[in-house]
Amino acid sequence: MKKYKVGIIGATGMVGQRFMLLLENHPWFDVVVLAASSRSAGKPYVEAVGQKWNMTKEIPEKYRDMIVCDAQADVKKIAETVDFVFCAVDMKKDEIKALEEMYAKNECPVISNNSANRFTPDVPMIV
């Protein structure tokens, strides 16, 4: 079975951390990109998340040294690397909408934990 290459946008936040744990050994998805704000970009994940790791389980080894991408500045690079992204950012709704639209315009599907695009006519909702 094919494994899809995915990214987690908002990887340093609590919801992003939960996505990481849920996807760590998933049979369908291979997390190949972790992205967050520009403050975290360019750092190994363990350094970027620092004391903000909120899960009871330790940071999975496969993610510890992954270099964090800038969720906004690296959209094109991320979109070229993954089949789609999981979005778990904590931003204002208009900023989330703009960010998710940037990925969509770069032909990168977005599975979002946010409600910013919930009532957008051409955006399907998965329950």
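The following dialogue concerns a predicted model and the terms used to describe its fold.

Visitor: What should be known about the model and its numbering?

Guide: The model is predicted, with local features needing pLDDT of at least 70 and side-chain atom pairs counting only at pLDDT 80 or more, while totals for chains, interfaces and linings use all residues. Residues are numbered from 1 along each chain as its sequence is written, and side-chain values use heavy atoms, with hydrogens and water left out.

Visitor: What makes up the secondary structure of the chain?

Guide: Helices (H or I, at least four residues) and strands (E, at least two) are DSSP runs, numbered from the N terminus. By that rule the chain has five helices and five strands, in the pattern β-α-β-α-α-β-α-β-α-β.

Visitor: Which strands are called the edge strands of the sheet, and why?

Guide: Two strands pair if DSSP finds at least two bridges between them. The open sheet has five strands in the order E3-E2-E1-E4-E5, with parallel pairing. Strand E3 (69-70) and E5 are called edge strands, as each pairs on one side only.

Visitor: How do you know which strands pair with E1 (residues 4-9)?

Guide: E1 and E2 (residues 29-36) share six bridges in the parallel sense, and E1 and E4 (residues 84-87) share four, also parallel; each count meets the requirement of at least two bridges. Gly 7 illustrates both pairings: its bridge partner is Val 33 in E2 and Val 85 in E4. E4 and E5, in turn, pair in the parallel sense over three bridges, and Phe 86 stands opposite Ile 111 in E5.

Visitor: What is the hand of the β-α-β crossover from E1 to E2?

Guide: A crossover is right-handed if, with the strands pointing away from the viewer, the path from the first strand over the helix to the second runs clockwise. From E1 through helix H1 (residues 14-23) to E2, the crossover is right-handed.

Visitor: How do you know how the span of H5 (residues 93-105) compares with the expected value?

Guide: The expected span is 1.5 Å times one less than the number of residues. H5 has 13 residues and reaches 18 Å from its first C-alpha to its last, close to the 18 Å expected.

Visitor: Why are the buried residues of H5 said to lie on the same side?

Guide: Buried means under 20% relative accessible area, exposed over 50%, and partly exposed in between, with a 1.4 Å probe and protein chains only. The buried residues of H5 are Ile 96, Leu 99, Glu 100 and Tyr 103. The arc is taken from the directions from the helix axis to the C-beta atoms; these residues cover only 95 degrees, which puts them on the same side of H5. Asp 94, Ala 104 and Lys 105, on the other side, are exposed.

Visitor: What makes Glu 107 notable?

Guide: Glu 107 has a positive phi of about 60 degrees although it is not a glycine. Its place is in the loop between H5 and E5. At 72% relative accessible area, Glu 107 is exposed.

Visitor: Which residues touch the most other members of the largest nonpolar core?

Guide: A nonpolar core is a set of buried Ala, Val, Leu, Ile, Met, Phe, Trp, Tyr and Cys residues joined through side-chain atoms within 4.5 Å. The largest has 23 residues, and those touching the most other members include Ile 8, Met 20, Leu 23 and Trp 53. A second, separate core of 16 residues includes Cys 69, Ile 78, Ala 79 and Tyr 103.
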